[in-house]
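Hi,

Here is the structure I promised to pass on to you. Have a look at it first, and then read on for what turned up.

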Amino acid sequence: MVNNYLKKIKEFYHQYLNLRSLRVRIFLIVLVVGIIPSVAMRYGIMRNYEQRAVELRTETVRNQLKVIADHLISADYFNSNGSDVVNAELEMLSNLYDGRVQIISGNLRVIRDTYGISEGKTIISEEVIKCFMGDSLSNYDDQNRYIEMTIPIIDNQNVSAEEVTGGNTAPGGVKQPDSRVKGVMLTSISTDYIEDTMEILSRKAMILEALMIMAIVVIALLLCIVLTRPFERVTKAIGEVKEGYSNESISVPDLAETEHIVEAFNQLLQRMKVLDDSRQEFVSNVSHELKTPLTSMKVLADSLLVQEDAPPELYQEFMEDIVSEIDRENRIITDLLTLVKMDKKVSALNIASLNINDLTELILKRLRPLARKKDVEVVFESVRPVTAEVDEVKMTLVMSNLVENAIKYNKEHGWVKVVLDADHQYFTFEVSDSGIGIPEDSLAQIYERFYRVDKSHSREIGGTGLGLAITKSAVLMHRGSITVTSTEGEGSTFLVKVPLNYIAQ
Ligand code: ADP
């Protein structure tokens, strides 16, 4: 019960929380790609709106202040101790924009404050002094929610010629007070209205954003499910083959990727089928081959048993036949064991640097008695001395199998020629004979286990049908190659090519 629960949690984790899962990755990517722009857009729009609203408000108030500044000059405000009309205008402006306007005269004294608290005081601030030089400044304080601006009150009516042309920059680049500036308007207006609008806007944008995020989550979920479903189908189909419900090729054509995976899997399945078939065939071949000598022995023994007084010569003859069948059985088993050992990956090669000329001489010496029996002449042509990194036992098998075949499948008074040569990379071992040759349609099969062109002939001369299979396997283990050319009735040539230096995998 608890185990089941744990298994389900584990499954859930692997399917929905594991970062290595494609499904989780697609979900997160779509989520991030969808959410980041929507958040950035909201932030961008809000900032843009704020900037624009502050600019607009600053511009509107500045224009109005400029008009009032003109009125201040025309009403001779500084010399006539104020003007009711202008004061009313100032009052109206500060009420309208929820702000404060201070008029500062040339000696930096506040002569009018719509709040009525700073009149008569002196203000020495950087902005005011800069404004007396003719610069009109504005500054937005978003923390305390106000815009502060300074507007110079310029008297353009009583301008001297020097003032018009000379400007207000003294030699050396230091700015001098502009004598046309009769005073400064220091104004601060509240931006509560902008902030309020922004709050409303932000609330709406957040609702919209939440809706968008919800939609993105749904899209991400759908996408990750839809896009990974074909992979689940592949796993399921492979699972069915693995469990043994089906042995047929599978097909999941939903995505190009799944198609590729399935194609590779089907090829593997095909290869496994071939291997399985060849294993079955091998087993049935082995049984058959092992049974044949046994059957002969039984026939021989039975026929002796049924003859009550069989002469001793017959016993002698039949016993010799039985011994030769036992020898055959033995040979088959030895060859089979050699093959099985080669098939195992663990059968590591025992590589050593060997003089191949000496090895060939030794093999030919061992096989000469067999050649003599058939009156076959064996010639060895060593083109150059060859030293190579090989496994002595396996290379001996290769060479003796080829030379033995060349002798066995030869004609009376025939010849066998062995040529040993090398270049800077490979050595070649060529065995030609003047024998019976191999029919063209059998050439591709001679390396197969138990394949024999002429079964009875091969059996007669003691063949097991495993020699060339062993030879090819040993050559491939040395990363070499074996090829054959043959003309029926004229002879065959086997060519083995092996690297001088062993190439480890
Ligand atoms: P076997 O033990 O029967 O010789 P092999 O695997 O060595 O088995 O060879 C397979 C078959 O290939 C042989 O039965 C024979 O028919 C053919 N063969 C091999 N070598 C030669 C050759 N030099 N000349 C003609 N036939 C050959």
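A backbone N or O atom of Leu468 sits 2.8 Å from an oxygen atom of the ligand. Please keep in mind that this is a predicted model. Gly467 also offers a polar backbone atom, placed 3.3 Å from an oxygen atom of the ligand. With Ser492 the contact comes from the side chain: one of its polar atoms is 3.5 Å from a nitrogen atom of the ligand. On its own the ligand would expose 520 Å², and 97% of that is buried by the protein. There are 20 residues around the ligand, and those that come nearest are Asn405, Tyr409, Ser458, Thr464 and Leu468.

Now for the sheet. It is open and has 5 strands with mixed pairing, in the order S7-S9-S10-S12-S11. Its edges are S7 (377-382) and S11 (481-487), each of which pairs on one side only. On average, neighbouring strands are turned by 10° against each other, direction ignored.

At the S7 edge, S7 and S9 (residues 415-422) run parallel and are joined by 6 bridges. One pair to look up is Ser382 with its bridge partner in S9, Leu420.

Two helices are worth finding as well. Helix H9 (residues 356-373) lies across S7, S9 and S10 (426-433), and runs at about 175° to S7. Helix H12 (residues 467-477) packs on the sheet too, where it touches S11 and S12 (491-499). The direction of H12 makes about 140° with that of S11.

Enjoy exploring, and write back with any questions.

Best wishes

Terms used:
Residues numbered from 1 in each chain as written. Predicted model: local features only at pLDDT ≥ 70, side-chain atom pairs only at ≥ 80, totals over all residues. Heavy atoms only, no water. Pairing = 2+ DSSP bridges. Helix = DSSP H or I, 4+ residues; strand = E, 2+ residues; numbered from the N terminus. Axes fitted to C-alpha atoms, helices over the stretch in contact; angles between N-to-C directions. Contact = heavy atoms within 4.5 Å. Near = heavy atom within 4 Å. Polar contact = N/O pair within 3.5 Å; in protein donor to acceptor, adjacent residues only side chain to side chain. Areas by Shrake-Rupley, 256 points an atom, 1.4 Å probe, with all protein chains shown as cover.
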